[in-house]
Every structure is written in C-alpha cells, then in structure tokens.
Amino acid sequence: MDAFLDAGFMRHALLAGLFAGVACALAGVFAVLMRLTFIGVCLAHAAFAGGLLGLLFGADPLTGALLASLAAAAVIGPVADRGELSPDTAVGVVFSAMLGLAIFCLGLLPGPKTAGLNLFWGNILTVGRRDLWLLGGVAVTASLAVVAFFKEIQAVACHRQIARASGLPATAIFYGILFFTGLTVTACLPSVGGLLVYSLLINPAAAAYQLTYRLGRLFVLAAVFGVVSCEGGLWLAWKLDVPAGASIVLVSSLLFLAALACSPKRKAGSRREG
C-alpha cells in the first residue's frame, strides 16, 4: 500500500478519480432520472470531435472538446423542444452528427492518429495539474449547485411538465443540466477518456437508484459509488498490472450488480409478480 501511495502519478490519479467519481455520478443521476442515459455517449463523441478539430487546426484540444460538447448540449434541448421529439431522440440525432464529424476529422489528421485516439481512450495515470484543477472545479461547482438548487432540480428531473406548470423555469434548468453534463464529460476526457466516461456516468447512478427512492440519498450514494469505482479500479490496476480505465469500468459494473442483487425495488417487484 505504501508503494501504491508513494508514486506521485498515482496520487494525481487518485485525486482525479475522486473528482471524476463525484462529477460523473451527479451528472449520471440526471441522466438516469430523465431517461437520457445515451447522453454520455453523445457528449463524449462531441468532445472527441472538438478535440480532433483542435488538433487539426493546431489549437488546444481540450478547449476544442469543451466548446464542442457545450455546443452539442446546447443543441439537444432546442431540437427536442422545437421538433416535438423526445429528448432521447434528439440525443440520437446529435450523436450521429458528432460521430460522423469525429470520424471525418480523424481521417483528415496528418500522420499517426495517436494524439487523436488518446482523447478517446484517456489515461488517468498521466493526468496533469491543469486537468486536476478542471476536474476539481467541475466537481465542487456541481456539488454546490445541487445543494443550492435541490428543490428546483428535483422538480425538473422528476417531471419537467409539472415543474413548468408550477411556474419554475423548467426549460432553463433542463438546459443547465445538459450544459453541466457536457462540462463533466469534457473535464473527464483527458483522464477517463471519451469511451469510458459513459460507464462512469451511468453505472454509479444506476446502482444508487436500486437502493433508494429519495433524491438526496440518490445523489450521495451515486457519488460514493463513483469514487469507490475510481479508487477501487486504480488499486486493482496497480495490483494486477492491467489498464486502469478498464478496471474502473469493471468495478463500477460489479457495484451495480451488487446493488441490483440487494435492491428493495427488485424484491418489491418480485412480490407483486408473485
């Protein structure tokens, strides 16, 4: 354990795991409650496409990823509202466009595609100070926002139409949630990677959803599961000398299976069917 903690890169990775676990879990709660689980994949591909555009034009890829994911998040809401589509359909439309743009940009990149593909896979073991500051800022801001606007978020996340009818700015809150999800995905891009961030968004929140009916506990449990997934995955990767990203995803999947096995909701459903 001492060697595990003595390594400087591992201390950075543990800190990144703490921040990414909290930020992704909070965004994941919104995705699970609003049945927008595909949004993680959509925004990850948007960030990936933006990062590739940055590389293509010699700009900072993280800035490109941030702008592209926020732009995609800004488009999803109006497409769903003006096209009278379900948000999930709007996510699918934007996802297909971002996927095409990413592949197009990857094909235009000159020379080896290593820098571009690194954006998609990420590497939490090489996370830098700027990435840590960004992750920490997103995690702290998201936590404070959830505490400050808990009642409004609860109303919109549980039933957007009723929240609007009661006078709440439901559309603005919904768009704010999409922006926050885009920001979280971008902040996780250098460490977790565009592909694996989807698991970290959904698995901890889905596991927490199995164990409670109360939104406050759902946020707390999801954050705990997110942090345990990251730190447990890092420890497993260190002990077995295997890829850290894959270990994090496997730990989060095991947590979900354990929560599902212990879920009072599953047991209640079985009793009703019996």
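In this predicted model, the lining of the second largest pocket divides into seven nonpolar, four polar and three charged residues. The volume of this pocket is about 220 Å³. Its lining comprises 14 residues, and Asn 118, Leu 119, Asp 131, Leu 189 and Pro 190 are those nearest the centre. Two or more lining residues of the second largest pocket come from each of α4 (61-82), α6 (114-121) and α7. Helix α6 supplies the largest share of that lining, with three residues.

The largest pocket encloses about 300 Å³ of space. It is lined by 15 residues, of which Ala 145, Phe 149, Ile 153, Gly 176 and Ile 177 are the closest to its centre. At least two residues of the lining are supplied by each of α7 (129-148), α8 and α10. Helix α7 contributes the most, namely six residues. By class, the lining of the largest pocket contains eleven nonpolar, three polar and one charged residues. Helix α7 thus appears in the description of both pockets: it gives two or more residues to the second largest and six to the largest.

Enclosed space was also examined. The count comes to two cavities of 30 Å³ or more. The largest cavity holds about 50 Å³ of space. Its lining is formed by Ala 27, Phe 30, Ala 31, Met 34, Leu 36, Ile 39, Ile 177, Leu 178 and Thr 181. Helices α2 (8-33) and α10 (170-188) are the elements that give two or more residues to this lining. Eight of the lining residues of the largest cavity are nonpolar and one is polar, with no charged residues. Ile 177 is listed both in the lining of this cavity and among the residues closest to the centre of the largest pocket.

The second largest cavity has a volume of about 30 Å³. Ile 124, Ser 191, Val 192, Gly 245 and Ile 248 line this cavity. By class, three of these residues are nonpolar and two are polar, and no charged residue is present in the lining.

Helix packing was considered for α8 and α12. Helix α8 (residues 150-158) packs against helix α12 (residues 215-240) at an angle of about 95°, and the two axes lie 11 Å apart. Helix α8 is therefore roughly perpendicular to α12, since angles of 65 to 115 degrees are assigned to that class. On the α8 side, Phe 150, Ile 153 and Gln 154 take part in the contact, and they meet Leu 215, Gly 216 and Phe 219 of α12. The contact of α8 with α12 has four nonpolar and two polar residues, and none that is charged. Ile 153 in α8 belongs to this contact and is also one of the residues closest to the centre of the largest pocket.

Four aromatic pairs are found in a search of the whole structure. In the pair of Phe 30 and Phe 219, the ring centres are 5.6 Å apart and the planes stand at 70°, so the arrangement is edge-to-face. This pair links distant parts of the chain, with Phe 30 in helix α2 and Phe 219 in helix α12, 189 residues apart. Both residues recur elsewhere in the analysis: Phe 30 lines the largest cavity, and Phe 219 takes part in the contact of α12 with α8.

Note on methods
Residues numbered from 1 in each chain as written. Predicted model: local features only at pLDDT ≥ 70, side-chain atom pairs only at ≥ 80, totals over all residues. Heavy atoms only, no water. Axes fitted to C-alpha atoms, helices over the stretch in contact; angles between N-to-C directions. Helix = DSSP H or I, 4+ residues; strand = E, 2+ residues; numbered from the N terminus. Parallel < 35°, antiparallel > 145°, perpendicular 65-115°, else oblique. Contact = heavy atoms within 4.5 Å. Nonpolar A, V, L, I, M, F, W, Y, C, P; charged D, E, K, R; others polar. 1 Å grid on protein atoms, 1.4 Å probe; cavity = no way out; pocket = protein on both sides within 12 Å on 5 of 7 lines; lining within 4 Å. Points joined across faces, edges and corners; volume = space filled by probe spheres on them. Phe/Tyr/Trp six-rings, centres within 6.5 Å; stacked < 30°, edge-to-face > 60°.
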